[in-house]
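Q: Please take a close look at a single helix of this model. A connected account for a first-year student would be welcome.

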Amino acid sequence: AAAEALAEFGEAKDEARAMKSLLAHADARANSLYVSLAALNAIDRLGDRARPYAKAIRALPNEPANAKHRAAMGVSRLLTSIRKTLDAPR
């Protein structure tokens, strides 16, 4: 929540640090599923503010380490939503 608030309302230097943190936590293979989902939800809500980080977002894995978990498909759904925003014309 703090990283999302900094990315949305902070200064440019705050935004960069916040996005770095969100992207690190969004990796569903390196973090718990729920941590990843929270970070991806934050990135999704940031919308166009995430555009400068498109390359890093596209590099995130589509499936979590525990792909059999009932919430696992949320990762791919959120990434699809985020990538659709990134691919949309401004």
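A: **Helix α3 and its surroundings**

The buried residues of α3 are Leu 33, Ser 36, Leu 37, Ala 39, Leu 40, Ala 42, Ile 43 and Leu 46. Here buried means under 20% relative accessible area, while exposed means over 50% and partly exposed lies in between (1.4 Å probe, protein chains only). Helices (H or I, at least four residues) and strands (E, at least two) are DSSP runs, numbered from the N terminus. An α-helix has 3.6 residues a turn, so residues three or four places apart point the same way.

The model is predicted: local features need pLDDT of at least 70, side-chain atom pairs count only at pLDDT 80 or more, and totals for chains, interfaces and linings use all residues. Residues are numbered from 1 along each chain as its sequence is written, and side-chain values use heavy atoms, with hydrogens and water left out.

The length of α3 can be checked. With 14 residues at 1.5 Å a residue, α3 should span 20 Å, and its end C-alpha atoms are indeed 20 Å apart; the expected span is 1.5 Å times one less than the number of residues. Just after α3, Gly 47 takes a positive phi of about 55 degrees.

The buried residues of α3 pack against α1, α2, α4 and α5. The largest nonpolar core has 26 residues, and those with the most contacts inside it are Met 19, Leu 22, Leu 40, Ile 43, Ile 57 and Val 75. Such a core is a set of buried Ala, Val, Leu, Ile, Met, Phe, Trp, Tyr and Cys residues joined through side-chain atoms within 4.5 Å. At least two residues of this core come from each of α1 (2–9), α2 (12–26), α3 (33–46), α4 (54–58) and α5 (73–87). With 7 residues, α3 gives the most to this core.

Within α3, Ile 43 deserves attention. Leaving aside residues up to four places away in sequence, Ile 43 touches Met 19, Leu 22, Leu 23, Ala 26, Ala 50, Ile 57 and Ile 82, where contact means heavy atoms within 4.5 Å.

The pairing of α3 with α1 can also be described. Glu 4, Ala 7 and Glu 8 in α1 meet Ala 42, Arg 45 and Leu 46 in α3. The two helices pack at an angle of about 15 degrees, with their axes 10 Å apart. The helices α1 and α3 are therefore roughly parallel to each other, a term for angles under 35 degrees.

Key: Axes are lines fitted to C-alpha atoms, for helices over the stretch in contact, and angles run from 0 to 180 degrees between N-to-C directions. Angles under 35 degrees count as roughly parallel, over 145 as roughly antiparallel, 65 to 115 as roughly perpendicular and the rest as oblique.
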